[in-house]
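Here's a quick tour for anyone with the model open on the bench computer. Have the viewer ready and follow along.

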Amino acid sequence: MDIQGLSASNRHPQDAPYVHKVGLPPKQNLFSEFKATVKETFFADDPLRSFKDQPGSKKFILGLQTVFPILEWGRNYSFAKFRGDLIAGLTIASLCIPQDIGYAKLANLDPQYGLYTSFVPPLIYAFMGSSRDIAIGPVAVVSLLLGTLLQTEIDPVANAEEYRRLAFTATFFAGITQATLGFFRLGFLIDFLSHAAIVGFMSGAAITIALQQLKGFLGIKKFTKKTDIVSVLHSVFASAHHGWNWQTIVIGVSFLSFLLAAKHIGKKNKKLFWVPAIGPLICVIVSTFFVYITRADKEGVQIVKHIKKGINPSSVNQIYFHGDYLLKGVRIGIVAGMVALTEAIAIGRTFAAMKDYQLDGNKEMLALGTMNVVGSMTSCYVATGSFSRSAVNYMAGCRTAVSNIVMAIVVFLTLEIYHTSFQVYPKCHTRGHNYFSCDQPELILMQHV
């Protein structure tokens with residue numbers, strides 16, 4: 001008799017393999033499902049988790065660190081990090097000064113307003129932003145958009161003061177829009193913007209900006225206010241016989257060739273990233289000397305003339321909080337604020353992915369919104385993250401947002417210490433990723449006070 005077979009046949013059921021059956025989760029009612037969906041959408045990171053079971057003093061400190069991230073990462077700040085931020089800050093400062101003057105021209109504002117926008121907003125962002133690499137200031141896309149929308153409401157030449165007031169009003173409501181999105185934790189909305197949509201938008205904006213530069217590049221005085229390609233080309237060729245200035249063209253082509261060559265050098269050798277960064281400043285110095293000794297401004301080369309000395313004056317009383325221009329400022333501000341926000345988030349996420357750290361979209365919205373609200377009260381127009389400046393900031397070895405503070409200090413010194421009597425200066429604007437097109441070559445005369 002097979003003892004083993006008999007033993008197997010008499011094996012107890014409890015010796016059989018155990019099969020675990022997973023039951024269906026309890027069915028939730030509509031309200032519970034809605035509550036869970038809202039929590040997952042708006043509070044997926046559980047922002048109040050670190051506040052649980054903490055004493056009142058600790059909660060206060062954590063609250064400050066939430067609003068001002070610099071208080072958290074600043075505790076581990078070192079001299080090695082400062083050295084990298086100092087070099088990066090000085091590098092982007094040499095880039096931003098000629099940029100800011102050109103961008104202010106795109107927004108139809110006096111050149112000092114571009115410099116103002118690279119002083120106050122970067123300081124605020126450095127304390128409130130979560131990106132280590134974004135360089136804050138005016139940008140070509142937003143400047144052109146703002147200038148185009150504003151001039152449809154007010155003539156920037158005939159009514160310069162009202163135009164500035166509407167610009168500050170639009171900036172205020174751009175900041176309110178951005179801060180509101182961050183306060184209500186709507187950062188997830190940025191996820192709906194596909195990479196293709198962002199690239200398409202930036203490419204279209206680059207083409208529009210390039211077309212607008214034909215006015216200065218060819219020295220045309222009467223130019224269309226429209227931005228479509230048909231209107232621009234019609235305006236260019238209609239003035240071909242008597243409206244072009246050959247001196248402007250020669251100077252523009254020369255410096256544009258230099259900037260393109262500098263960009264090529266920077267691409268070939270990553271260690272020479274500073275060559276395209278200081279290219280615009282070199283153009284300023286060389287064109288200053290060249291146009292001054294040749295008196296090219298007497299031959300039709302347009303000039304900036306004078307930039308007002310001193311740091312940002314208050315503009316609180318210039319914002320429209322009532323009247324006919326209030327709704328216009330709100331409408332323009334919302335559009336400009338959303339475009340600026342999209343560009344900043346796109347830049348921030350790009351560099352955060354490259355350095356493998358997390359970017360908080362809601363904190364970014366609050367930081368950008370706050371800096372634009374405060375900026376509107378200190379004679380600034382809409383500021384955001386700059387592609388070209390952020391790329392230079394990254395290549396220069398920035399470690400934290402302190403590079404923005406260094407840049408702001410340099411701009412402050414430029415505004416306060418130097419008396420800038422701008423007589424001729426090449427108005428250079430960004431075209432593409434990291435180079436400029438010289439608009440109306442003009443000369444700078446700088447006299448130390």
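Where is Phe68 found? Look in the loop between H3 and helix H4 (70-73): that's where Phe68 sits. Keep in mind that this is a predicted model.

Phe68 has company. Together with Phe60, Ile61, Leu64, Val67, Leu71 and Phe127, Phe68 makes a nonpolar surface patch of about 600 Å². The most is given by helix H3 (residues 56-67), which puts four residues into the patch. As for Phe68, its relative accessible area is 30%, so this residue counts as partly exposed.

Now zoom out to the whole chain. You're looking at 18 helices and six strands, in a chain of 449 residues. Of those residues, 48% count as buried. The accessible surface comes to about 22,900 Å², and carbon and sulfur atoms hold 64% of that area. If you take the contacts in the chain with a separation of 6 or more, 80% of them are between residues 24 or more positions apart.

Next, a bit of backbone. Most residues other than glycine have a negative phi. Asp356 goes the other way, with a positive phi of about 60 degrees, and Ser379 has a positive phi near 65 degrees. Both sit in loops, and here's where to click: Asp356 is in the loop between helix H15 (325-355) and helix H16 (361-376), while Ser379 is in the loop between H16 and strand E2 (384-385).

Are these two buried or exposed? Asp356 has a relative accessible area of 70%, so it counts as exposed. Ser379 is at 2% relative accessibility, so this serine counts as buried.

What about cysteines? The count of disulfides comes to zero. Two cysteines to look up are Cys283, buried at 0% relative accessibility, and Cys398, buried with a relative accessible area of 1%.

Here are the residues from this tour side by side, by relative accessible area:

| Residue | Relative accessible area | Class |
|---|---|---|
| Phe68 | 30% | partly exposed |
| Asp356 | 70% | exposed |
| Ser379 | 2% | buried |
| Cys283 | 0% | buried |
| Cys398 | 1% | buried |

The class names follow from the cut-offs: buried means under 20% relative accessible area, exposed means over 50%, and partly exposed lies in between. That's why Phe68, at 30%, gets the middle label.

Technical notes
Residues numbered from 1 in each chain as written. Predicted model: local features only at pLDDT ≥ 70, side-chain atom pairs only at ≥ 80, totals over all residues. Heavy atoms only, no water. Patch = residues over 30% accessible without salt bridge, like charges linked within 9 Å, V, L, I, M, F, W, Y side chains within 5 Å. Areas by Shrake-Rupley, 256 points an atom, 1.4 Å probe, with all protein chains shown as cover. Salt bridge = Lys/Arg side-chain N within 4 Å of Asp/Glu carboxyl O. Helix = DSSP H or I, 4+ residues; strand = E, 2+ residues; numbered from the N terminus. Buried < 20%, exposed > 50% of the residue type's maximum accessible area, 1.4 Å probe, protein only. Contact = heavy atoms within 4.5 Å. Disulfide = S-S within 2.5 Å.
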